[in-house]
Amino acid sequence: MDAPLRIALIGAGNMVSAIVKGMTANGYDGKNIFITSKTVTSAAKLAEACGANSCQTAGEVIAQSDVVVLGVKPHILAEILPGLQADFAAKKPLVVSIAAGKTLEYLAEHLPKDTPIVRVMPNINAKIGASTTGICHNDAVTAEQLAAVKAVFATIGSVAEIPENHFGIFSVIGGAAVAFHYMYMDALARAALKAGMPKKQALEIVAETVKGSAEMVLKSGEAPWPLVDQVCSPGGTTIEGVTTLQAKGFEAAAVAAFDAVLEKDKKIGRGEV
């Protein structure tokens with residue numbers, strides 16, 4: 001596609017807001033973005049902030065688009081999709097869903113036959129162009145369409161193509177885990193505050209350290225545990241902290257949190273919540 005994709009977004013919640021803000025901050029022209037929401041007010045506010053277009057109805061944004069992003073909560077999809085069948089059939093856009101737990105099969109059942117569908121899972125770091133985004137698609141999606149969607153989401157960070165049977169796993173480690181990382185950083189900063197350092201300074205140091213540690217894993221080619229061993233000296237201070245984390249169940253808590261998010265994702269997919 002030589003011309004810029006015209007992208008419609010149905011919904012204007014936190015994740016859609018992060019996507020749109022990230023896209024427009026990283027080179028995507030807001031004039032090619034069309035947004036609507038249930039109250040319309042939130043869509044208008046987001047559109048104004050990003051130089052995008054606000055529309056009154058989902059049908060209106062579909063008619064304007066090459067790509068439609070379904071940015072509503074999973075339980076809302078079943079409510080809105082039946083009323084949009086004619087709009088989708090008339091326009092035949094590529095459909096992108098960011099709804100947790102809702103499979104390609106589920107989406108295909110609720111859209112016109114042979115609709116090209118892509119599932120995408122970005123995270124809130126899209127706001128600063130640092131999302132880790134997972135992507136999978138059905139057989140109706142062409143190579144050109146897939147490349148175009150990847151290019152759009154590359155404006156908000158890295159993109160990884162994931163087999164759909166691993167999508168729930170990705171939603172934990174690439175999506176929900178962002179909150180875990182924030183909690184860890186805040187806990188360390190509060191501990192530093194308790195010890196006497198201003199929290200703002202402590203948080204900046206913690207964040208830079210986490211950033212550097214992530215870069216070390218990505219660039220060194222080493223697994224985390226050998227790197228832990230490199231930081232720990234015999235009889236030193238770091239090993240005291242590491243063994244304390246283990247004794248307090250740090251690793252077990254992380255695995256339990258992973259399992260809890262994955263199970264909730266499966267329940268959403270089954271329509272149980």
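Contact is taken here to mean heavy atoms within 4.5 Å, and it is in this sense that the surroundings of helix 1 are described in the predicted model. What covers the buried residues of this helix includes strand 1, strand 2, helix 2 and helix 7. The buried residues in question are V16, S17, A18, I19, V20, G22 and M23. Helix 1 itself has 12 residues and reaches 16 Å from its first C-alpha to its last, which is close to the 16 Å expected at 1.5 Å a residue. The helix is followed by G27, a residue whose phi is positive, near 105°.

The sheet against which this helix lies is an open one, formed by 8 strands in the order 3-2-1-4-5-6-7-8, with mixed pairing. Its edges are strand 3 (53-54) and strand 8 (157-161), each of which pairs on one side only. Helix 1 (residues 14-25) packs on the sheet, touching strand 1 and strand 2 (33-36), and its direction makes about 160° with that of strand 2. Strand 1 (residues 7-10) is joined by 4 bridges to strand 4 (residues 67-70), and these two strands run parallel; within this pairing, the bridge partner of L9 in strand 4 is V69. Strand 1 also pairs with strand 2 in the parallel sense, again over 4 bridges, and here I7 stands opposite I33 of strand 2. Both faces of strand 1 are covered, with I7 and L9 buried on one side and A8 and I10 buried on the other.

In soluble globular proteins, nonpolar side chains tend to be buried together. The largest nonpolar core of the model has 33 residues, and those with the most contacts inside it are I7 and I35. The elements that give two or more residues to this core are strand 1, helix 1, strand 2, helix 2 (41-50), strand 4, strand 5 (94-97), strand 6 (117-121) and helix 7 (143-154). When neighbours within four places in sequence are left aside, I35 is in contact with L9, G11, A12, V20, A43, L46, A47, A52, N53, S54, C55 and V61. Among these contacts of I35, L9 is one of the buried residues of strand 1, and V20 is one of the buried residues of helix 1. Apart from the largest core lies another, of 26 residues, which includes L70, A99, L107 and I117.

Charged side chains were examined separately, and the count comes to 9 salt bridges. One of them is formed by D186 and K199, whose closest N and O atoms are 2.8 Å apart. This pair links distant parts of the chain, with D186 in helix 8 (residues 167-195) and K199 in helix 9 (residues 199-220), 13 residues apart. D186 counts as partly exposed because its relative accessibility is 27%, and K199 is likewise assigned to the partly exposed class because its relative accessibility is 28%. In helix 9, the side chains of E204 and K200 also meet in a salt bridge, at 2.8 Å from N to O. Because these two residues are 4 residues apart in helix 9, E204 and K200 are separated by about one helical turn. Of this pair, E204 counts as partly exposed at 45% relative accessibility, whereas K200 is exposed, with a relative accessible area of 62%; the latter value lies in the exposed class because that class begins over 50%.

A further salt bridge is that in which the side chains of R270 and E272 meet, at 2.7 Å from N to O. R270 is partly exposed, with a relative accessible area of 47%, and E272 is also partly exposed, with a relative accessible area of 48%. Salt bridges that share partners join D186, R190 and K199 into one network.

Finally, G249 is found in the loop between helix 11 (238-247) and helix 12 (250-269). This glycine is partly exposed, with a relative accessible area of 23%. G249 and G51 are 198 residues apart in sequence, and their C-alpha atoms are 47 Å apart in space.

Note on methods:
Residues are numbered from 1 along each chain as its sequence is written. This is a predicted model: local features need pLDDT of at least 70, side-chain atom pairs count only at pLDDT 80 or more; totals for chains, interfaces and linings use all residues. Side-chain values use heavy atoms; hydrogens and water are left out. Two strands pair if DSSP finds at least two bridges between them. Axes are lines fitted to C-alpha atoms, for helices over the stretch in contact, and angles run from 0 to 180 degrees between N-to-C directions. A salt bridge is a side-chain nitrogen of Lys or Arg within 4 Å of a carboxyl oxygen of Asp or Glu. Buried means under 20% relative accessible area, exposed over 50%, partly exposed in between (1.4 Å probe, protein chains only). A nonpolar core is a set of buried Ala, Val, Leu, Ile, Met, Phe, Trp, Tyr and Cys residues joined through side-chain atoms within 4.5 Å. The expected span of a helix is 1.5 Å times one less than its number of residues.
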